[in-house]
Amino acid sequence: MANKFQSIETKHYAEREAFFEGLKKLDRRAFMRVAGISAGIVAGMGKLTPNSFQLVNVAEAQGEKPKFSFAYISDTHLYENKLNDRFVRAILKAVDDVNALDPQPDFVLFGGDLAQLGQAGELKLGAQILKSVKAPIKMMVGEHDWFLDMGELWKDLFGAPNYSFDHKGVHFVVLNSIHEKDFWTERKLSPMERMKIVAGLDNGIQSRFEVGAEQRQWLQNDLAKVAKNTPLIVFSHSPLYKYYKPWNFWTDDADEVQAILKPYEKVTVIHGHTHQLLSNRIGNISFHGMLSTAWPWPYAPEGLPTLTVPMNRADPFSQFDGCGDGRMDVLESGLVDKLYNLWQRDPITVRASYLGSSGKQAAPPKPKLPTY
């Protein structure tokens with residue numbers, strides 16, 4: 001049965017494929033004439049043909065064949081389709097991307113903030129669209145999914161917000177890192193008032209995110225059965241370090257969580273929330289941010305990790321520029337090469353060797369334009 005949710009990009013590529021089939025019928029002289037005209041137009045515009053993110057595999061090119069790969073879609077911020085279909089088009093584009101990967105990833109991580117205001121219509125729309133993903137989905141919750149009903153519908157749709165699993169010798173942990181101290185009861189806020197405060201990036205009424213004592217104990221108990229040389233990959237929506245507090249690019253108990261992870265030899269944390277290319281290394285822990293399909297946040301005015309090579313400023317008149325999805329290649333060593341599939345740009349890979357060498361090896365390309 002045809003996919004009910006088919007984006008304009010899928011239709012475009014079908015037309016593109018038909019076009020290239022037509023090119024096969026040209027004789028050599030006609031083909032060279034068409035190719036020359038196309039190359040001249042591209043050169044005249046100062047553009048390069050963007051690479052497909054499934055074809056860029058830096059690790060494999062250098063002989064470090066990945067043990068396995070997984071893809072991600074994150075921070076879709078869906079409204080109901082009748083209110084705003086812009087973000088719906090973006091998630092459909094991301095679903096097309098990951099479904100087109102060949103070979104398929106072992107699974108797809110959803111990185112949180114499926115909804116914008118945690119409403120039933122938003123979450124159920126997102127759940128329906130994600131059923132179109134071919135690979136198995138691993139779900140992670142974000143604050144936009146949680147604070148309307150404190151996660152009740154999320155748990156009904158997707159199960160527990162924190163869990164762990166093992167895959168091909170790697171132990172994975174999914175955390176709910178967006179707990180906040182109660183700022184709403186004393187103020188007698190309604191659920192939607194609470195939700196809108198949390199949805200504001202710099203709203204000073206809310207507290208900072210935290211994993212929380214109960215979940216930290218759960219994490220300790222979960223890791224107690226894991227050997228110290230087993231690679232760990234941790235998924236959290238907020239960054240598990242302290243980036244910029246005024247915007248809640250911050251996890252209050254990040255130091256305590258890092259202390260729990262420190263005894264393990266190889267640890268990678270993958271997080272959403274910041275909507276940007278973001279790289280960090282603290283002790284033995286590597287950190288990678290995820291792109292959003294909805295919009296890119298600007299970089300904070302201070303606190304940017306020194307290992308982050310920021311992406312170019314996004315074009316404010318383009319829906320997709322600065323947004324995207326991506327893939328993680330888990331190497332035989334258990335470390336991770338992180339590929340950012342930036343829409344309308346060439347992909348960027350941040351390699352495990354770059355973070356592990358404190359930036360001395362395999363640095364990603366520097367931006368050609370001012371960052372933001």
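Biologist: Which residues in H5 do Val88, Ile91, Leu92 and Val95 in H4 meet?
Modeller: Keep in mind that this is a predicted model. H4 covers residues 86-100 and H5 covers residues 120-130. The four H4 residues you list meet three in H5, namely Leu125, Ile129 and Leu130.

Biologist: And how do the residues of that contact of H4 with H5 divide into nonpolar, polar and charged?
Modeller: On the H4 side we have Val88, Ile91, Leu92 and Val95, and on the H5 side Leu125, Ile129 and Leu130. Val, Leu and Ile count as nonpolar. The split is therefore no polar, no charged and seven nonpolar.

Biologist: Why is H4 called roughly parallel to H5?
Modeller: Two packed helices are described by the angle between their axes and the distance between the axes. For H4 and H5 the axes sit 10 Å apart, and the angle is about 25 degrees. Angles under 35 degrees count as roughly parallel. So the label for H4 against H5 is roughly parallel.

Biologist: Is the crossing of H4 past H5 left-handed or right-handed?
Modeller: The angle between this pair is about 25 degrees. As for the hand, H4 passes H5 in a crossing that is right-handed.

Biologist: Which strands does H4 lie across?
Modeller: H4 runs at about 165 degrees to E1, which spans 66-73. Besides E1, H4 lies across E2, E10 (324-331) and E11 (336-342). The full set is E1, E2, E10 and E11.

Biologist: Those belong to an open sheet of six strands with mixed pairing, so what is its order?
Modeller: Start from the edges, E3 (137-139) and E12 (348-350), which each pair on one side only. Neighbouring strands here are turned by 25 degrees against each other on average, ignoring direction. From edge to edge, the order reads E3-E2-E1-E10-E11-E12.

Biologist: At the E3 end, which residue in E3 is the bridge partner of Phe110?
Modeller: E2, residues 108-110, pairs with E3 in the parallel sense, over three bridges. Phe110 has its bridge partner in E3, and that partner is Met139.

Biologist: On to the other open sheet of six strands, the one with E4 and E8: why is one side of each of these two left without a neighbour?
Modeller: The order in this sheet is E4-E5-E6-E7-E9-E8, with mixed pairing. E4 (163-167) and E8 (279-282) stand at its edges, so what leaves one side of each without a neighbour is having a single partner strand.

Biologist: By how many degrees are neighbouring strands of this sheet turned against each other on average?
Modeller: The strands in question follow the order E4-E5-E6-E7-E9-E8. With direction ignored, the average turn between neighbours is 20 degrees.

Biologist: Which residue in the turn between E4 and E5 has a positive phi?
Modeller: E4 and E5 run antiparallel and are joined by five bridges. One bridge links Asp166 to His171 in E5. The two strands form a hairpin with two residues between them, and the one with a positive phi, about 50 degrees, is Lys168.

Biologist: Moving inward, what is the bridge partner of Ile233 in E7?
Modeller: Ile233 is also the partner in E6 of Phe172, where E5 (170-174) and E6 (232-236) pair in the parallel sense over four bridges. E6 and E7 pair in the parallel sense too, over five bridges. In E7, the partner of Ile233 is Thr268.

Biologist: How many of the residues of E7 are buried?
Modeller: Both faces of the strand are covered. Val267, Val269 and His271 are buried on one side, and Thr268 and Ile270 on the other. That gives a count for E7 of five of five.

Biologist: At what angle do H9 and H10 pack?
Modeller: H9 (213-223) lies across E4, E5 and E6, while H10 (254-261) lies across E6, E7, E8 and E9. Their contact is made by Arg216, Leu219, Gln220 and Leu223 of H9 with Glu256, Val257, Ile260 and Leu261 of H10. The two helices count as roughly parallel, with axes 10 Å apart and an angle of about 10 degrees.

Biologist: Last one: what percentage of the residues in the protein chain is buried?
Modeller: The chain has eleven helices and twelve strands. Out of its 372 residues, the buried share is 54%.

Notes. Residues are numbered from 1 along each chain as its sequence is written. This is a predicted model: local features need pLDDT of at least 70, side-chain atom pairs count only at pLDDT 80 or more; totals for chains, interfaces and linings use all residues. Side-chain values use heavy atoms; hydrogens and water are left out. Two strands pair if DSSP finds at least two bridges between them. Axes are lines fitted to C-alpha atoms, for helices over the stretch in contact, and angles run from 0 to 180 degrees between N-to-C directions. Contact means heavy atoms within 4.5 Å. Angles under 35 degrees count as roughly parallel, over 145 as roughly antiparallel, 65 to 115 as roughly perpendicular and the rest as oblique. A crossing is left-handed if the near helix is turned anticlockwise from the far one by less than a right angle, and right-handed if clockwise. Buried means under 20% relative accessible area, exposed over 50%, partly exposed in between (1.4 Å probe, protein chains only).
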